[in-house]
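Colleague: I am new to this structure and would like to go through it slowly, one question at a time. Could you show it to me before we begin?

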Amino acid sequence: MTAVLDYPQLKAALSKELPGIEIQADGSFLLVSPEDMHKVCERLTSLPSIQMDYLTNLTAADYPEYIEIIFHLNSITHNTSATVKTRLTDKKNPKMASVVDIWRGAELQEREIYDLFGVFFENHIGLKRIFLWEGFEGYPLRKDFVNGH
């Protein structure tokens with residue numbers, strides 16, 4: 001069975017490696033700013049004691065104040081898992097750095113989030129709609145989406 005990492009310990013390990021980056025530890029996830037997410041993800045994969053080498057799932061949720069991006073990560077080496085989140089508060093122009101260079105499996109998942117939530121992933125290798133056609137107006141999984149308007 002995969003063990004969930006202890007979030008305060010994970011935060012402490014990352015904070016030691018990444019001084020100046022604010023990381024919050026909740027009981028069930030880490031919360032990182034969108035600007036720092038790529039650096040944190042790089043460290044999650046490169047630290048020998050953590051080695052989050054597998055992106056299980058990358059998804060999003062729309063809240064009134066922000067769009068939350070949720071990373072479910074696993075370490076095959078250590079048989080551990082962790083959840084890391086970030087919140088995009090600019091809902092008119094939500095964007096963050098792509099993690100495709102870290103986990104190749106993020107390619108389609110970022111495209112799905114772009115297509116359905118309108119989040120732009122900077123430096124993505126081919127960001128375009130995956131389900132809906134080019135020219136489709138709006139993002140159907142956003143709370144403010146109204147079909148036909």
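**Questions on the fold**

Modeller: The place of A25 is in strand 2, where strands (E, at least two residues) and helices (H or I, at least four residues) are DSSP runs numbered from the N terminus. Please keep in mind that this is a predicted model, in which local features need pLDDT of at least 70 and side-chain atom pairs count only at pLDDT 80 or more, while totals for chains, interfaces and linings use all residues. Residues are numbered from 1 along each chain as its sequence is written, and side-chain values use heavy atoms, with hydrogens and water left out.

Colleague: Is A25 buried, partly exposed or exposed, and which residues does A25 touch beyond those up to four places away in sequence?

Modeller: Buried means under 20% relative accessible area, exposed means over 50%, and partly exposed lies in between, with a 1.4 Å probe and protein chains only. With a relative accessible area of 34%, A25 is partly exposed. Contact means heavy atoms within 4.5 Å, and, once residues up to four places away are set aside, A25 touches Y7, P8, K11 and L30.

Colleague: I23 also lies in strand 2; is I23 buried or exposed, and with which residues is I23 in contact?

Modeller: The relative accessible area of I23 is 3%, so I23 is buried. Leaving aside neighbours within four places in sequence, the residues in contact with I23 are K11, L14, S15, L30, L31, V32 and V40.

Colleague: Which residues of helix 1 are buried, and which elements cover them?

Modeller: In helix 1 the buried residues are Y7, L10 and L14. Because they fall within an arc of 60° when seen down the axis, they line one face of the helix, the arc being that of the directions from the helix axis to the C-beta atoms. On the other side of helix 1, P8, Q9 and K16 are exposed. The cover over the buried residues includes strand 1 (3-4), strand 2, strand 3, helix 2 and strand 6.

Colleague: Which residues are buried in helix 2, and what covers them?

Modeller: Helix 2, residues 37-46, has M37, H38, V40, C41 and L44 buried. They cover an arc of only 160° around the axis, which puts them on the same side of helix 2. Their cover includes helix 1 (7-17), strand 2 (23-25), strand 3 (30-32), strand 5 (67-75), strand 6 (80-88) and strand 7 (95-97).

Colleague: K85 lies in strand 6; is K85 buried or exposed, and what is K85 in contact with?

Modeller: K85 counts as buried because its relative accessibility is 15%. Apart from neighbours within four places in sequence, K85 is in contact with F29, L30, L31, V32, M37, E68, I69 and I70.

Colleague: What is the phi of Q51, and what is that of N123?

Modeller: Most residues other than glycine have a negative phi. Q51 lies in the loop between helix 2 and strand 4 (54-62) and counts as partly exposed at 25% relative accessibility, whereas N123 is found in the segment after strand 8 (120-122) and is exposed, with a relative accessible area of 74%. Neither residue is a glycine, yet each phi is positive: near 45° for Q51 and about 70° for N123.

Colleague: How many helices and strands are in the chain, and what pattern does the chain follow along the sequence?

Modeller: The chain contains three helices and eight strands. Read along the sequence, they give the pattern β-α-β-β-α-β-β-β-β-α-β.

Colleague: What radius of gyration does the chain have, and how does that agree with a compact globule?

Modeller: The radius of gyration is taken over C-alpha atoms, and the globule rule is 2.2 Å times the number of residues to the power 0.38. The C-alpha trace spans about 50 × 30 × 30 Å along its principal axes, and 45% of the 149 residues count as buried. For 149 residues a compact globule would have a radius of gyration near 15 Å, which agrees with that of the chain, 16 Å.

Colleague: What share of the contacts with a separation of 6 or more comes from residues 24 or more positions apart?

Modeller: One example of such a contact is that of K85 with M37. Among contacts in the chain with a separation of 6 or more, the share from residues 24 or more positions apart is 49%.
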